[in-house]
Amino acid sequence: MYRRMFAAVGATAILALSACGADTDSAADDATTAPSTSAGAPMASASPSMMSAQFGPGCSAVPVDAANPGSFEAMAKVPVATAASGNPVLSTLVTAVKKANLVDSLNTAQGVTVFAPTNDAFGKIPKADLDKVLADDAMLKKVLTYHVVPGQLSPETLAGTHETLQGADLTVTGSGSSFTVNGTSMVVCGNVSTANATVYLVDTVLMPKS
């Protein structure tokens, strides 16, 4: 099934991603505003507010030591691709992002929401199919940019249909601390802040419709 889905993805380049820009001031403003709104925390400092905002069973796999680059506190200080590279549950995603040459584009994007497949999500794909898509830059970019939505979505605004940078829509259902993307992919750790993005870790790789 995955082989047919990947084959249908096509080879269109990701022009939309480069258009995101590098307005880091705006991204920083968004990154600090969204978590405090969703968490409702009284603390003014960014890190405690962000730490209180995360939800989901998958958050327990994230390092808690603030000095660890994979911790929520450390991730909040750096752009999204760099933040993911320090998180042990996102190592396969980081490999894919590097192979697709998307590190700089993601790090300079202006305020985005990223649905980040965990290692377990990639593990659901047969190895031969995964190796094939990792070797095809155009296909890989289509798949990865389908996981990115312009603007930073808080849990309160997460549910709904959103156009991705790839161009196709994805749909999020749920509320509170329970959300599903496209009816099959569960958010296992939500509302993770980075310097320029809000991240929702998901348990299944999302695929754009053909």
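1. Start with the contacts. Among contacts between residues at least 6 apart in sequence, 66% join residues at least 24 apart. Keep in mind that this is a predicted model.

2. Next, the overall make-up. The protein has 12 helices and 7 strands. Of its 210 residues, 51% are buried. The exposed surface comes to about 9,100 Å². Carbon and sulfur atoms supply 55% of that surface.

3. Now the interior. In soluble globular proteins, nonpolar side chains tend to be buried together. Here the largest nonpolar core has 41 residues. Val114, Leu144 and Leu201 have the most contacts inside this core. A second core is separate and holds 15 residues. Its members include Phe55, Tyr146, Ala168 and Val181.

4. Leucine 144 deserves a look of its own. Set aside its neighbours within four places in sequence. Leucine 144 is then in contact with Leu93, Ala96, Val97, Ala100 and Leu102. To place some of these partners, note that helix α7 spans 91–99.

5. Turn to the aromatic rings. The structure holds 2 aromatic pairs. One of them joins phenylalanine 55 and phenylalanine 179. Their ring centres are 6.0 Å apart and their planes meet at 45°, so the pair counts as tilted. The pair links distant parts of the chain, with the two positions 124 residues apart in numbering. Phenylalanine 55 sits in the loop between α4 (46–53) and α5 (72–75). Phenylalanine 179 belongs to strand β5 (residues 178–181). Both rings' residues are buried. Phenylalanine 55 is also listed in the second core.

6. Follow the chain from β5 into β6. These two strands run antiparallel and are joined by 2 bridges. Valine 181 has serine 185, in β6, as its bridge partner. The strands form a hairpin with 3 residues between them. In that turn, asparagine 182 has a positive phi of about 55°. Valine 181 is another residue named in the second core.

7. How enclosed is strand β6 by the rest of the structure? Strand β6 covers residues 185–193, and 8 of these 9 residues are buried, so the strand is largely enclosed.

8. Strand β6 also pairs with β7. The two run antiparallel, with 4 bridges joining them. Valine 192 has valine 199, in β7, as its bridge partner. β6 and β7 form a hairpin with 3 residues between them. β6 therefore takes part in a hairpin with β5 and in one with β7, and is itself largely enclosed.

9. Stay in β7 for a polar detail. Threonine 198 lies in this strand, which spans residues 197–202. Is threonine 198 buried or exposed? Its relative accessible area is 0%, so threonine 198 is buried, the cut-off being under 20%. The side chain of threonine 198 makes a polar contact of 3.0 Å with the side chain of glutamine 152.

10. Finally, a loop residue. Proline 88 lies between α6 (80–85) and α7 (91–99). Its relative accessibility is 44%, so proline 88 counts as partly exposed. Which residues does proline 88 contact, leaving aside its neighbours within four places in sequence? They are Ala61, Pro63 and Asn119. The C-alpha atoms of proline 88 and glycine 70 are separated by 6.6 Å. Along the chain, these two residues are 18 residues apart.

How values were computed:
Residues numbered from 1 in each chain as written. Predicted model: local features only at pLDDT ≥ 70, side-chain atom pairs only at ≥ 80, totals over all residues. Heavy atoms only, no water. Core = buried A, V, L, I, M, F, W, Y, C linked by side-chain atoms within 4.5 Å. Buried < 20%, exposed > 50% of the residue type's maximum accessible area, 1.4 Å probe, protein only. Contact = heavy atoms within 4.5 Å. Polar contact = N/O pair within 3.5 Å; in protein donor to acceptor, adjacent residues only side chain to side chain. Areas by Shrake-Rupley, 256 points an atom, 1.4 Å probe, with all protein chains shown as cover. Phe/Tyr/Trp six-rings, centres within 6.5 Å; stacked < 30°, edge-to-face > 60°. Pairing = 2+ DSSP bridges.
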